[in-house]
Structures are given as C-alpha cells and as structure tokens.
Amino acid sequence: MVQKYQSPVRVYKYPFELVMAAYEKRFPTCPLIPMFLGSEVLRESRSADGAVHAVERSCRLRVDAPRLLREMAGVEHVVFVQKNILNWRERTLFIEAHNETFASRVMVKENCSYTVHPENEDWTCFEQSASLDIHSFFGFENALEKIAMKQYTANVKRGKEVIEHYLKELISQGTSHIPRWTPAHVREEHAGSQSAPRHPSSLETEGLSDAPGPAPEMAEGDKLEADYIERCLGRLTPTQESCLVQLRHWLQETHRGKIPKDEHILRFLRARDFRLDKAREMLHRSLNWRKQHQVDLLLQTWRPPAPLQEFYAGGWHHQDIDGRPLYILRLGQMDTKGLIKAVGEEALLQHVLSVNEEGQKRCAGNTRQFGRPISSWTCLLDLEGLNMRHLWRPGVKALLRMIEVVEDNYPETLGRLLIVRAPRVFPVLWTLISPFINENTRKKFLIYSGSNYQGPGGLVDYLDKDVIPDFLGGESVVRPVPEAHLTPRGTEQWPRQGPLTPSFSGTLHLQLSPLMQVALDIPEGEAVITWDFDILRGNVVFSLYHAKQAPNPGPQEPGARANGQLIDKGWVLGTDYSRVEAPLLCREGQSIQGSHVTQWPGVYFLQWQIHSPSGSVACSLPGVDDVLTALHSPGPRCKLLYYCEVLASEEFRGSMSSLESCASRFSQLSTASTASSSGLSHSGSLVSR
C-alpha cells in the first residue's frame, strides 16, 4: 500500500529572496539536522540570463532504525538524489527527490515548492508532498513503514525550524533585504540607485514582521495554511495536517455542493483517529444524510411543537471554564414517555439535531470571541428523578436511535459530559446505551452520584460558580422545569387500528370492573411478548394467560383487543386456558417491564386486576362494596398506562429492545424487583418505583 503525505501551506513572513538565502545554508551539511550527513553536487546548470539555476545533489541520510534492521539491510545510511530548479524571474523553487538506496525494494518520492504568497508578495509559501511504496524489505515491511513515516513527519517539522533559524541568523548578521532578480542590462542601468543593506530594525516598516497584518483566513476552495490551522483549528501533528489537507482536497474534487468547514472535516478525522479512508467514508455518508434530510436548513426551518417548548427540560447556558458552550439537560425531570407520545419520535429527533446544529454554531461564535479554537461543547446532565419509568422500552429505542444518528453525523462535538445526581438505577440505563457510544466519547463522561458534584473535584473544576445552576447549589438562576411530571397527551388513550401490529398501548381505568384484559393474537408458535406499564393509581395484580382459541367465535379483527373481561366466564383454568405467568402484585407509583417467550400459537391475555387485601384475587365479578365504592369515588380506583409489543424471537434475543437482561442482572438496584417465571417459559418482570 502506498502511504502519502501532504503538508498544508506553510507561510514564512519574509520575501522569497531572503528565504532562498536561508535555504542555501542547509548545504552541503547542516548541523541542525543530525540525520543529514552531507551532500555533494552531481551536476549544475544555469540559463543564459541567469534566471534559472538547476542543481542536482546526492544526499546522505543516517538511518534511524533498530540496529537489527540496519544489520540485515547492511547499511548505516541511505542516499537520496535531489533535483532543485530555482527560477529567480518567477520567484519559485521546485524540488524533486527520490531514494537511490534500495530503490528496487522501496520507493520514496518527495516534491516541495517555495512560491510567493498570492496575497502578499513579501511572504513566501512552502508546500510539501511525499509518497512511500514498500514492495518488499526482508519481511520488515510494516516496521519500515512505521519508522519511515515517523521519521519523515519529524523532519518536516524540523525543516521549518531550520529555515526560521537561518532567517534570524541572516538578519542578525545585517542581511535583512536581498534585491529581486532583474535581467543583466537592467541591473547595470540601476546599479547606482540600489540601496545599501538595511538594519534589522527596518523590517517592521518593510513588511518582514507581523506588522502588515495576518494573511486572510482561508476561504472555501483555497489551500490550507499552517498558521490558519494552528490559529483556528488547533495544534496538529504533521501527519494530522496532511490528513486534513488530503480530505479537503478530495472533497473539492468529488463533492457536489457546499464544502463543509474545516472544523467539520477535522471532527470526522478525529473520530476515526486520522485514518483517512475511514474518515472519508464516514464523512461521505454524513454529507449524503445531511443533503437527504436538508439538515443545513434545520435551524431556519425547525419550530419545536408546543409540548417540547413547554416540557422539554433542556437549554443552552453560558459556557464552561474552557470557553465551551454549556448545555443543561434535566433528564430525570422529564416525562420522556409523554413527550414521545405527544410529539412522536421523529419530532424529538429533529429537536435533538437542532440542538447539535446550534452547538456547532455556538462553538464557532466562541472561537471568534475568545480567539482560540473551540470545536466542542459541554453538557451538564442532571439525573435527579430518574427511575425505571424512564426505561420505557420505546423510549430506550428512541434514545438509542438518537445516539446512533448523533454519533454518525456529529462526531467529536461533545467535549465533556458532566452527569450529576446519578441514582442507583443509572447502571441499568448505562448498560443499555454504552455499547452504542464511541469509546472516545465515553472517555469524556464524568459521573457524580449523590452530592459528590459539590466541592473540590466536582462541578467547580469545570464551571465557574456564577454559571453553576441554582438547583445544584450554584449562583445562576435557571428556568424551572414545569411542575407537571406528565405531558398532557402522555395520559391520553392511543388506540391502534387495523391488522395485527407489533405494538399496542393505551390507558386502563379499573372502576366498575375489577379487572381489565388485553388479548394478543399470536399466529405462530415462538414469539416474544413484552410489556411495560406504569401504575398511576391504586394497586393491581398482573397475570398472563394463554388459550388455544379466542373465547368468542365469530368474525373478529386480528391483532390486539382491550376490554373488561375477554376470557369466557365459563372457561375452566387449566382446561380451557392456562396461566403462563404467576400473579405479580404491582403497587401505585411502580413501573413494570417484563417479557414472555411464547411456545404455542393462540391468544394471550394480559390481565390487570384490582388488588384486594382480603386475597380474593380469583374473583372476577365486582362485589357490592366494590360497586358502592366506585359510585362514590370521584375517579377510577385504579389507573395505569401500558405498552405491549410482540417481537419475533430472533429479534428479541441479544437485542437491546429487551430489558430481560436488566431484570436478571440489575434488579437489586431498584427499590423493589420481582422476576416471575414458569416451567413453560423464560420470562421476567422488572419493578421499580
């Protein structure tokens, strides 16, 4: 495989002629470059008018490699042939070099150029590119490739330092100006009018220092300058600079449409550890995604629905001590289930994308404000109030999808995630989502449980005191979260119509009837029924039953049906139908998640029955006391929100859509947990207040 290197444009703020004088000081030997053992001129020529000077040299370089490798190769140094063409008229120097040693096994090619800066004729630009192609090298191809690239990039950085050293040396010796080349007859006519060399102090008025002002920042389509990279993008190694230059050049040649900003390109390189092929593939997919979904217009077109504006507990809040924009999200205080039901998963995803777009915009603004590169933002995540209710399965699925979209299209935008007041249930959520988060992103997470975020080592290490929100003991007043814990539409009934669907949800009111049942048609033998419900009022007993056929023969729509009692009153338990899940007592305020792997086709009944302290669980008919109580009660005796989903067994096993693993591994983390099972199935329910 051919390894390539491409440098950004390095700018010397000195005239071309003075830079050439500094460059010539590197020959025949250069003490500042220890590996450069020396050189000799092979051939040399000049044009008739003296404008073009061509020199071909043989250069000897010390091999900086393990002794074993040097002994096997039988060399202590390698020879490169360098050809320079200096054109004084055009003010350019082009350099071509290739290796002569081991040319049949390894091919190294290098091209360099010194030219006049297009915006300032008193400045000089330097560009460099190289390629390494190893055919065979005694079985040490990979080792040689790493050694060569490491040594080459180190020499690139050293080369600039050497030129700057000799420039300062020339100026200190009184050579601060070298006249531009002119034809011989012009030089004779103006010989008397040429001024004498000037003192170094005169450089400030002649444009040799920073006085003339910085070079203009790179516009789209221009070449990248090294000074611009350091000023606007941060310090990069020569290899990283090369990857950025190459990826940007590839976009200019292949991408149709607006070229993304350099900060955007750099994020994808960092996300893939500057592996050019992988970063290019990732960026290509993301650009297509942005075009398909018109993400560039999102900030201008997106208007959050009213429930999001009222109940979404997140917003931007100043910046952290490093100048990163700060976003605060009080996830534990949000009714995520109600929000998803009220606005839909797509709207919530759009809102998350708008937050990320705004974050990039704020990073660019802070870069201009503070005069240093700021490419990421900080998130303060408050988990007070988080419980198993937030692990509602569709909500977890939506969260995982959002993480996937953000990871794929907004890499390296999160600089730091401060998680505070993490409850005991947090490990459950972390186990679910952490496999979907990039390892580099996970390293930026700082997790505080209880009150550990207070004092030294806590938030004060990352946020100024006047930025820490008041609900965390700080001085900054933050808009309070709405008092309602449930979005209004989160408690409405959401009927599903039509043929059998993989999910079914709604609200059950147990008042006159002491029980409610939901029937699910399972046409094939093996499937997985999952359930997730919240007890909003009262205590209930949950059970699961199976029957080979529906209790009421006749025309029925396949799918899920909800009613007071669907099981025929004349049926006998154990004969006409069977209990496949043992009764589970569920108390007010609890959230229940569970699953059951079916073994037979037929109808499965999910049943919720009002819990009677007397223990008459088996009774199906309401008693006199129940009726009287219901008539005099202002509302339902029991109320619950439920969500049921039927999955194919191959989808379920090993899938993050299941919380079964949480029931078996993390049930001890919740306030109360119960796993129910029977000899007929593998199942479980997770209970939490």
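This section describes the overall composition of a predicted model and then its helix packing, backbone geometry and selected residue environments.

The protein contains 19 helices and 23 strands. Of its 689 residues, 48% are buried. Contacts between residues 24 or more positions apart make up 74% of those with a separation of 6 or more. The accessible surface amounts to about 34,100 Å², and carbon and sulfur atoms contribute 51% of that area.

Helices α7, α8 and α9 pack against one another in pairs. Helix α7 spans residues 238-254 and helix α8 spans residues 262-271; their axes lie 10 Å apart, at an angle of about 115°. The crossing of α7 with α8 is right-handed. On the α7 side, this contact is formed by Cys243, Leu244, Leu247, Arg248 and Leu251, and on the α8 side by Asp262, Ile265, Leu266 and Leu269. The α7 and α8 contact comprises 7 nonpolar and 2 charged residues, with no polar ones.

Helix α7 also meets helix α9, which covers residues 276-293; the two axes come within 11 Å and cross at roughly 40°. An angle of roughly 40° falls outside the ranges for roughly parallel (under 35 degrees) and roughly perpendicular (65 to 115) arrangements, so α7 and α9 are oblique to each other. Their crossing is right-handed. The α7 residues involved are Cys243, Gln246, Leu247, Trp250 and Leu251, which meet Leu276, Ala279, Arg280, Leu283, His284 and Leu287 of α9. By class, the contact of α7 with α9 holds 8 nonpolar, 2 polar and 1 charged residues. Cys243, Leu247 and Leu251 of α7 thus appear in the contact with α8 and also in the contact with α9.

The remaining pair in this group is α8 and α9, whose axes come within 8 Å and cross at roughly 130°. With the oblique class extending from 115 up to 145 degrees on this side, α8 and α9 are likewise oblique to each other. Helix α8 passes α9 in a right-handed crossing. Here His264, Ile265, Phe268, Leu269 and Ala271 of α8 meet Leu276, Ala279, Met282, Leu283, Ser286 and Arg290 of α9. This contact is made up of 8 nonpolar, 2 polar and 1 charged residues. Ile265 and Leu269 of α8 take part in the contact with α7 as well as in that with α9. In α9, Leu276, Ala279 and Leu283 meet α7 and also meet α8.

Backbone geometry was examined next. Most residues other than glycine have a negative phi, and most peptide bonds are trans. The peptide bond from phenylalanine 27 to proline 28, however, is cis, with omega near 5°. Proline 28 is located in the loop between α1 (16-24) and β3 (36-46). Helix α1 itself is mostly covered, with 7 of its 9 residues buried. These buried residues are Phe16, Glu17, Leu18, Val19, Met20, Ala22 and Tyr23.

Positive phi values occur at two arginine residues, arginine 91 and arginine 421. For arginine 91, phi is near 60°. This residue lies in the loop between β5 (77-87) and β6 (92-99). Its relative accessibility is 9%, below the 20% limit, and arginine 91 therefore counts as buried. For arginine 421, phi is near 55°. Arginine 421 belongs to strand β12, residues 414-422. With a relative accessibility of 15%, arginine 421 also counts as buried.

Two further residues illustrate contacts formed beyond the immediate sequence neighbourhood. Glutamate 44 is situated in strand β3. Its relative accessible area of 49% lies between the 20% and 50% limits, so glutamate 44 is partly exposed. When neighbours within four places in sequence are set aside, glutamate 44 is in contact with His53, Ala54 and Val55. The C-alpha atom of glutamate 44 is separated by 9.6 Å from that of asparagine 84, a residue 40 positions away along the chain.

Leucine 429 is placed in helix α15, residues 426-433. At 8% relative accessibility, leucine 429 counts as buried. Apart from neighbours within four places in sequence, leucine 429 is in contact with Leu386, Leu391 and Leu399. Leucine 386 is 43 residues from leucine 429 along the chain, and the C-alpha atoms of the two are separated by 9.7 Å.

Conventions:
Residues are numbered from 1 along each chain as its sequence is written. This is a predicted model: local features need pLDDT of at least 70, side-chain atom pairs count only at pLDDT 80 or more; totals for chains, interfaces and linings use all residues. Side-chain values use heavy atoms; hydrogens and water are left out. Helices (H or I, at least four residues) and strands (E, at least two) are DSSP runs, numbered from the N terminus. Buried means under 20% relative accessible area, exposed over 50%, partly exposed in between (1.4 Å probe, protein chains only). Contact means heavy atoms within 4.5 Å. Accessible areas come from the Shrake-Rupley method with a 1.4 Å probe; for residues, only the protein chains shown count as cover. Axes are lines fitted to C-alpha atoms, for helices over the stretch in contact, and angles run from 0 to 180 degrees between N-to-C directions. A crossing is left-handed if the near helix is turned anticlockwise from the far one by less than a right angle, and right-handed if clockwise. Ala, Val, Leu, Ile, Met, Phe, Trp, Tyr, Cys and Pro count as nonpolar, Asp, Glu, Lys and Arg as charged, and the others, Gly among them, as polar.
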